[in-house]
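Q: Please take one part of this model and look at it closely, following its packing outward from a single side chain. I would like one connected account, with each term explained as it comes up.

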Amino acid sequence: MKRSETVADTAITLLAERGMRGLTHRAVDEAAGLPPGSTSNLARTRAALLELTLARLTELELRALAPAYEGDGFELSDLPGRLAEALYVQLMDRRRSLARYELALEATRRPELRKIYDEAGRRFRDPAVPLLAALGSREPVRHARQLVAFGEGLLFDAIVGAGPTPTLDELIEAMRDLLSGMLR
């Protein structure tokens with residue numbers, strides 16, 4: 001594993017465990033078992049550390065969600081299960097979602113991070129547009145936004161809201177309901 005991945009992965013864990021205030025260069029060095037100053041050498045400023053962390057988080061989440069979007073010959077009947085499995089993977093690694101929520105809130109106060117955060121979000125919505133269009137959506141851009149918002153809402157409710165963690169079967173049923181409404 002590259003040092004930048006070690007630093008970013010450790011930062012993701014620290015964000016999930018300690019929140020934004022607990023993320024410092026020194027804390028990353030200590031938690032990762034790196035010599036003092038290692039994180040500062042890689043990411044000189046706090047902004048650079050946040051950007052590195054968000055880039056790695058996006059990479060990890062894209063990898064986790066890839067099975068939902070990849071492959072040829074999608075059948076409508078396959079999509080709820082694929083999407084539900086991707087959400088389930090996110091639920092099982094709560095630290096990524098918690099770190100993303102921390103970064104999302106920070107991005108509301110840092111325009112340079114907001115730009116990166118918004119661009120990362122497009123990487124999740126954009127692949128859904130042609131997929132939904134191919135499946136018959138009359139408004140695939142709007143439906144892609146709604147699909148991502150629905151998934152985010154389920155995650156948020158289960159991770160930091162008052163809701164219980166849904167089972168995979170419950171997620172499949174929820175996705176089936178949403179998609180049948182969109183694609184009638």
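**A leucine and the helices around it**

A: L113 lies in helix α7, where helices (H or I, at least four residues) and strands (E, at least two) are DSSP runs numbered from the N terminus. The model is a predicted one, so local features need pLDDT of at least 70 and side-chain atom pairs count only at pLDDT 80 or more, whereas totals for chains, interfaces and linings use all residues. Residues are numbered from 1 along each chain as its sequence is written, and side-chain values use heavy atoms, with hydrogens and water left out.

With a relative accessible area of 2%, L113 is buried (under 20% relative accessible area, with exposed over 50% and partly exposed in between, for a 1.4 Å probe and protein chains only). Residues up to four places away in sequence aside, L113 touches L50, E51, L54, L103, E106 and A107, a contact being heavy atoms within 4.5 Å. One of these partners, L54, stands 59 residues from L113 in sequence, yet their C-alpha atoms are 8.6 Å apart in space.

The wider setting involves nonpolar cores, that is, sets of buried Ala, Val, Leu, Ile, Met, Phe, Trp, Tyr and Cys residues joined through side-chain atoms within 4.5 Å. The largest has 26 residues, of which L79, L83, L132, L147 and L179 touch the most other members. Apart from that core lies another, of 22 residues, which includes L113 itself together with L34, L57 and A107.

Two of the partners of L113, E106 and A107, are also among the buried residues of helix α6, as are R96, Y101 and L103. Helix α6 covers residues 94-107, and its end C-alpha atoms are 20 Å apart, which agrees with the 20 Å that its 14 residues should span at 1.5 Å a residue (the rise is multiplied by one less than the number of residues). The buried residues of α6 pack against α1 (3-18), α4, α5, α7 (111-125) and α9.

Taking α1 as an example, its axis comes within 8 Å of that of α6 and the two cross at roughly 80°, the axes being lines fitted to C-alpha atoms over the stretch in contact, with angles from 0 to 180 degrees between N-to-C directions. That crossing makes α1 roughly perpendicular to α6, a class that runs from 65 to 115 degrees. On the α1 side the contact is made by D9, I12, T13, L15 and A16, and on the α6 side by R95, R96, L98, A99, E102 and L103.

Note on methods. Angles under 35 degrees count as roughly parallel, over 145 as roughly antiparallel, 65 to 115 as roughly perpendicular and the rest as oblique.
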